Every structure is written in structure tokens, then in C-alpha cells.
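Biologist: Could you walk me through one part of this model in detail, please? I would like a close look at the places where protein and DNA meet.

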Protein chains: 2
Amino acid sequence: MKRKVTLKQIAKELDVSISTVSKSLKDSAEISEDTRQKVQAFAKLYNYKPNNIALSLKNKKTKTIGIIIPEIVHHFFATVISGVENVANEHGYNVIVCLSDESFDKEVINMEMLANGSIDGFIMSLSKETQQKRDFHHISEVINQGMPVVMFDRVTNDILCDKVIIDDNLSAIQAVQTLIDKGLKKIALITTVDYVSVGKLRTEGYLKALKSNDIKIDENLILKIEDIEHCDEAIEDLIKNQQIDAIFAVNELFAVTAIKSALKIGLKIPEDIAVIGFTDGIISKYSSPSITTVSQNGIKMGGKAAKMLIERLESEDEDDEHYRTEVIETHLVERESTPTL
Amino acid sequence: MKRKVTLKQIAKELDVSISTVSKSLKDSAEISEDTRQKVQAFAKLYNYKPNNIALSLKNKKTKTIGIIIPEIVHHFFATVISGVENVANEHGYNVIVCLSDESFDKEVINMEMLANGSIDGFIMSLSKETQQKRDFHHISEVINQGMPVVMFDRVTNDILCDKVIIDDNLSAIQAVQTLIDKGLKKIALITTVDYVSVGKLRTEGYLKALKSNDIKIDENLILKIEDIEHCDEAIEDLIKNQQIDAIFAVNELFAVTAIKSALKIGLKIPEDIAVIGFTDGIISKYSSPSITTVSQNGIKMGGKAAKMLIERLESEDEDDEHYRTEVIETHLVERESTPTL
DNA sequence: AGACCTTCCGAAAACGTTTTCGTGTTGAAA
DNA sequence: TTTCAACACGAAAACGTTTTCGGAAGGTCT
């Protein structure tokens with residue numbers, strides 16, 4: 001077991017000063033050819049690598065990005081991390097991941113832990129509880145200390161910072177319009193409770209699309225799910241009790257659950273009921289029938305967020321208060337759960 | 001914008017020494033009640049929090065765990081991270097995630113980056129390329145420097161360290177036996193190429209199960225997939241050209257692809273063909289029909305790995321060479337893709 | 001009055017770097 | 001011989017902590 005070697009040890013062995021070793025390894029012209037060679041050879045032999053922690057302390061930069069998301073066992077969030085990792089690595093950054101578990105307290109604790117020097121900046125998506133409480137003091141505090149934050153997907157207008165989102169509203173309108181264009185009239189909506197920002201926006205999009213096509217809104221066709229674990233019964237009831245042509249679901253899980261329920265009852269998809277989901281994940285792709293969805297490119301979103309963060313970190317003027325909100329475009333991936341014209 | 005306050009600044013403001021401030025905040029008996037109160041009040045007012053980097057440098061401990069996995073957009077690996085996060089947080093550790101992208105080079109680079117002081121220990125699963133090359137020098141190097149490593153799932157006997165695995169062999173035997181017990185004889189295998197350790201073990205399990213039931217092994221029923229992106233055609237061919245009762249697939253993706261192919265041809269599941277997969281992910285659960293799988297509890301695996309690592313990190317005797325291999329039990333989750341007796 | 005013990009606090013080292021500045025030696029020019 | 005530049009290197013500060021040790025001030029005891 002040979003422990004990591006430090007500048008000090010090399011200096012001692014070679015009987016020179018620490019400064020000389022450091023400069024030699026950096027090919028400084030201050031050091032004679034001779035000494036440089038000697039030091040470099042020795043360093044290579046002992047596989048010297050500078051200690052990251054010491055560097056971080058000195059440079060006041062950790063070259064690390066902190067990500068805080070509600071959960072990781074979730075296709076969309078996983079793709080976002082993947083996107084962040086990619087561009088982070090390209091720029092020599094590491095990524096430290098914390099899970100809020102949809103809990104406000106955990107989100108706060110995690111942010112505070114990381115804010116004490118561990119990272120250079122945050123990329124985050126709000127937990128449900130945080131969105132419900134509308135308490136963002138932990139975020140503004142961090143920003144106030146000069147640490148940049150980029151929010152994605154689940155964002156809030158109450159905080160001024162860079163953001164990356166999709167146009168949930170427009171995407172929902174387009175999805176519903178697609179159903180209408182296929183001649184479907186009685187379109188149900190399966191959505192989340194309103195405090196989830198993206199759910200709310202998608203719901204609004206659904207309403208707008210119906211209105212602009214002069215379709216009367218039927219509250220009985222709108223299902224707001226609180227408890228995602230037990231959505232099955234509610235969805236099954238909806239399909240059984242209402243005459244429905246199509247379903248627009250604000251996420252994959254609702255979409256696939258709706259399909260399973262419909263199949264169970266004996267309905268055919270897409271002939272009897274068409275389904276469009278949101279977030280193009282693994283479920284939509286591999287479900288039978290496969291599901292038509294609004295594709296939300298997590299890789300792109302994560303990549304963009306990372307790029308914005310790193311740009312800010314490495315920009316000259318520290319506190320540029322000019323924050324941007326990037327909108328990632330979506331598109332509809334048509335699969336087997338919707339009829340072809 | 002108020003930047004983070006340091007001991008030095010507090011000391012200056014209060015006209016005492018840095019040591020006094022530090023001790024006061026730690027409630028040291030060395031400091032008078034008076035001074036202590038004064039310092040603590042001031043620190044609280046300015047929301048003082050010690051700098052993690054400085055602490056890491058001093059203590060030679062980062063309280064951070066590094067995870068290196070092949071990919072994160074993958075249900076199983078995501079659950080493992082989740083498991084690691086849980087117990088890591090409980091013990092005050094953070095988690096830094098790196099993706100090897102199934103590439104040997106990336107795995108090496110990531111390990112080297114993190115090994116230079118950024119973390120206290122590794123939890124990792126080998127990339128495909130690493131398993132193929134059988135080159136593990138980067139891992140033994142890290143271990144040699146005194147940094148503990150825990151490997152999970154995709155492990156190797158060439159490295160001595162703590163490991164967490166499932167009994168792939170036995171689990172496969174049980175799965176295939178289940179099919180046989182249901183009266184199925186012509187059982188196909190869809191597996192990976194041999195260098196993937198878990199794929200190989202599961203394949204062996206399949207073979208053993210057939211042998212012990214005196215069923216002749218038909219090479220035509222064994223499909224080894226190299227390129228996972230284009231497995232569709234091969235699988236469809238297999239189903240079309242061979243008379244098959246059942247399919248044992250070594251992962252979810254193969255299983256669901258097989259089902260989709262069979263349905264496409266017009267076969268009924270499970271009546272015409274039964275299917276058992278491996279890894280109980282989101283696909284198996286939400287597929288139609290849902291898929292019977294060998295459940296491999298990623299949360300448990302990650303949690304166990306984290307526990308082993310932390311125990312080693314915090315154990316008294318530094319270089320305990322007594323390495324353990326924990327086996328996480330699996331169980332078969334029976335769903336719609338297999339017939340009930 | 002001297003010896004000694006508390007109480008309270010500060011100086012300094014240590015962790016591993018980088019970088020600025022100072023300094024001793026050498027050689028050449030005046 | 002003196003003067004000055006060029007060269008090669010080392011000392012020290014800085015980043016923010018924790019902790020050991022030493023010491024000043026004051027009190028108590030003989």
C-alpha cells in the first residue's frame with residue numbers, strides 16, 4: 001500500500017523546496033532544465049497527481065456541480081442527469097447528486113450541505129412539497145451568497161435565476177389538437193393536482209385547445225390525481241363511466257395505466273380510445289400498444305442547464321443579473337396508441 | 001449579496017483570535033461563558049457555516065462517496081443510486097455520480113479524477129468494455145492507495161474487495177425451472193454476449209436447469225445479442241423460425257421486445273408463448289401483458305453497498321483485508337406473461 | 001512574599017496547493 | 001575591479017479549518 005505522494009514528500013526526497021517542485025511540474029521557465037527533468041521523472045515514477053481538495057481550497061472553485069432533483073428512479077430525471085453529466089465532463093466538472101424525495105425539508109438540507117463550499121453551482125428541479133408551500137428562501141439565500149442556480153422543468157417565477165423549461169402549455173395544446181384533428185371529440189384529461197407547476201400548465205393547454213375548437217368542457221372528463229400509487233381505480237372508473245374517445249395524460253404513468261385499464265375492460269386501442277401521454281420515456285416506447293407522447297428531451301434539457309451554469313461560472317463579470325429562460329422544443333412522437341388518419 | 005462569512009472575519013469583527021471563535025462555536029470549556037455567547041450570537045446572525053472544503057483538507061475526509069456506473073438512464077442502476085443515497089445521507093455522506101458510458105477509458109478517467117482526494121471511497125459496477133478487456137489496473141491502483149472500493153452486480157474475481165451481487169446463476173435456474181414446472185419444454189434463451197459477467201452466469205443457469213430436467217439443449221434456441229439497439233430482428237426471427245413454448249430473457253428489454261414480436265406475429269401470451277425476464281423494472285410492471293420477472297432489488301443492493309463502504313471507512317483498523325461478498329436474494333414476481341397452473 | 005493552580009485566550013502548526021517576492025550565485029560588460 | 005543583469009531557487013503567504021501548547025492574569029494557600 002503506497003499512499004498518495006504530495007509535493008512536500010517529493011521536495012524532501014529530492015532535497016529541493018516545495019516551490020521548486022510545483023514550478024517544475026508546471027514547466028515554469030524559472031527552473032533549470034536539469035531540475036525540471038529530475039522532478040518530473042520522480043513525480044511520474046510515484047504517479048503524482050495534485051490533490052483536488054487542496055486545489056479547491058486555494059482556487060475557491062471545486063469544479064463540481066450540484067444537482068437536486070425529487071427522485072432518480074424516474075426516466076425523465078435520469079435523462080436530465082445524463083445530459084448534465086455529458087457537458088459537465090466536457091468542461092472538467094464533476095456532478096454531485098442529491099435527492100429531495102419530493103420533500104421540502106430534504107431539499108433544504110441538501111442545499112445547505114452543498115452550499116458550504118462543496119460545489120460551484122446548482123442545477124435543480126423543485127420538489128412537490130416545495131411547490132406546494134411556495135417557500136423558496138433556501139434558494140434565494142444560496143443565490144444571495146453568489147452561488148448561481150439553474151432551475152429546470154419544475155420552476156417558479158418567485159425566484160430570479162436561469163431556467164430551462166419546455167413550453168408545457170403549447171405542447172399540451174398541440175397534443176390535444178392532434179386528437180381533435182383525428183376527429184375525436186370526447187377527450188378526457190388525466191392530470192396532477194394544481195400545485196405541480198407543469199401539471200397545471202398542461203391542464204391549461206388542454207382547456208385552451210378545447211375552447212379554441214368550440215368543444216364544451218366537461219368537468220366529468222377531467223381527473224386530477226393526488227396519489228400516484230393508487231391512480232388505477234380512479235382511472236378505471238373514468239373510462240367505465242364516461243363515453244370517451246380519447247385520453248390526454250400529463251405523464252407516462254397515467255397514460256400507460258389508462259391503457260391497461262381500457263384493455264382490461266375490453267376496449268381496443270386506438271380504435272375505441274386513443275391515448276396521448278407526456279414525456280417520452282421507456283414505458284411509452286415499450287408498452288403494447290406503444291404510446292404516442294409529447295417528447296420532452298431530458299438530455300437536451302440537462303445539457304442546456306449545465307451549459308448555462310458553466311457559462312455563468314466562468315464568465316468574467318461575476319454578478320450579471322441578466323437571467324435567461326431557455327425553452328426546449330418538444331415534438332409529438334406518434335405511435336400505436338393513436339389512430340392514423 | 002453577502003458572501004459567506006469565515007472564522008477569520010468573525011474574529012476580526014469581535015476583536016478576538018480565530019482560535020477563540022472556533023472554540024466558542026464548539027462550546028469548548030476553555031472559553032468563558034461571556035465570550036462564547038457573544039461569538040455564537042454573532043455567528044448565528046451572519047449564518048456562519050464551516051467550509052466543507054477546508055474541513056475535508058484538514059480531516060483528510062470528504063464525507064463523499066463516488067459512484068461509477070455504466071449508465072444512469074437505466075432502471076436498475078437508478079434504483080441502486082437511490083439505495084446508496086438513502087444510507088449515505090443517513091450517515092452524513094454525499095454522493096458524486098460518474099458515468100462510464102460502458103467505456104473503459106471513461107471509467108479510468110473518472111476513477112482517477114475522483115481518486116485525487118475528492119471522495120473517501122468508491123461504489124462501482126464495471127463497464128462492458130472493462131469486462132471485455134479484463135483490465136482492472138485502475139481499480140487495484142485505487143485500492144492500493146488505501147481507498148476502499150465496493151463493487152456491485154457487474155463484478156470480477158480479479159479484484160479483491162467488498163462486493164454485492166445477486167446469485168445470478170441460481171436465480172436463472174429457478175426462473176427456468178418455473179417454466180418447466182408449468183409444463184413448458186421448448187424454452188428459448190435470449191442473452192447477452194459472454195463477457196458480460198451477469199449475462200454469462202444467467203446463461204449457465206439456464207443450461208443447468210435444462211440439464212437437470214433432462215431436456216436436450218438446442219443451440220438454435222439460444223440467442224446471444226451483441227447490439228442491443230437492433231435486437232428486434234434477431235428476436236423476431238427466433239420466434240418465427242423455431243417452435244417455442246417459452247422464453248427466458250436475461251433482461252427486461254429482451255423480454256419486452258420478445259413480447260412485442262410475438263404479439264406482432266399474432267401469438268398469444270402467455271397461451272402460445274410464456275415469457276420470463278430479469279430485473280424487475282418499470283417496463284415489466286407496465287407492459288401489456290405485464291411481465292413475470294426475477295426481481296433484483298436495486299435499492300437493497302445500493303443500500304448494502306453503501307453500508308459496507310461506510311463501515312469500512314469508519315472502522316478502526318484501516319487495512320482490514322477481510323473482504324466480504326454479500327448476496328442479495330431475488331424472487332420471482334409472477335405476472336401476466338406466464339400461465340397460472 | 002513566594003509557590004502554585006485556575007481560568008481564559010492567542011500563537012502556531014497542520015492539511016496540500018499556487019504564486020509572489022526576495023536573494024544568492026554566476027557571468028559578462030564597463 | 002566594480003556593477004548589473006540573468007538565472008535558479010527558496011521563503012512565505014494564502015485558502016479556512018481544528019487543535020495543541022504556551023502563557024498571562026488572577027486567586028489561594030503556606
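Modeller: Happily! One definition helps before we start: a polar contact here is a pair of N or O atoms within 3.5 Å. Please keep in mind as well that this is a predicted model.

Let us begin with DNA strand D. It is surrounded by 28 residues, and the closest of them are A:Thr20, A:Lys23, A:Glu30, A:Thr35 and B:Lys58. Of the atoms of DNA strand D that come within 4 Å of the protein, 56% belong to sugar and phosphate. Two contacts show the phosphate side of this picture. In chain A, a polar side-chain atom of A:Thr35 sits 2.7 Å from a phosphate oxygen of DNA strand D. In chain B, an N or O atom in the side chain of B:Lys8 is 2.9 Å from a phosphate oxygen of DNA strand D. A base is reached too: the side chain of B:Lys23 has an N or O atom 3.3 Å from a base oxygen of DNA strand D.

Which elements give two or more residues to the surface near DNA strand D? From chain A they are helix H2 (18-25) and helix H4 (52-59), and from chain B helix H1 (7-14), helix H2 (18-25) and helix H4 (52-59). H2(B) provides the largest share of this surface, with 4 residues. Sorted by class, the surface near DNA strand D has 9 nonpolar, 9 polar and 10 charged residues.

Now turn to DNA strand C. Around it are 28 residues, of which A:Lys58, B:Thr20, B:Lys23, B:Glu30 and B:Thr35 come nearest. Sugar and phosphate make up 55% of the atoms of DNA strand C that come within 4 Å of the protein. Here the individual contacts touch a phosphate, a sugar or linking oxygen, and a base. A:Lys8 places a polar side-chain atom 2.9 Å from a phosphate oxygen of DNA strand C. A:Tyr48 has a polar side-chain atom 2.9 Å from a sugar or linking oxygen of DNA strand C. From chain B, a polar side-chain atom of B:Glu30 lies 2.5 Å from a base nitrogen of DNA strand C.

For the surface near DNA strand C, the elements that give two or more residues are helix H1 (7-14), H2 and H4 of chain A, together with H2 and H4 of chain B. The largest share, 4 residues, comes from H2(A). By class, the residues of this surface divide into 9 nonpolar, 9 polar and 10 charged.

While you are looking at chain A, one spot beside these helices deserves a glance. The loop between H1 and H2 of chain A holds A:Asp15. This residue is not a glycine, yet its phi is positive, at about 60°. Most residues other than glycine have a negative phi. Is A:Asp15 buried or exposed? With 69% relative accessibility, A:Asp15 counts as exposed, because the cut-off for that class is over 50%.

Finally, a word on the wider setting of chain A. The chain is divided into domain 1 (7-50), domain 2 (58-165 + 298-328) and domain 3 (168-297). Between the C-alpha centres of domain 1 of chain A and domain 2 of chain A there are 39 Å.

Key: Residues numbered from 1 in each chain as written. Chains lettered and ligands numbered in written order. Predicted model: local features only at pLDDT ≥ 70, side-chain atom pairs only at ≥ 80, totals over all residues. Heavy atoms only, no water. Near = heavy atom within 4 Å. Polar contact = N/O pair within 3.5 Å; in protein donor to acceptor, adjacent residues only side chain to side chain. Nonpolar A, V, L, I, M, F, W, Y, C, P; charged D, E, K, R; others polar. Domains from an automatic or database assignment. Buried < 20%, exposed > 50% of the residue type's maximum accessible area, 1.4 Å probe, protein only.
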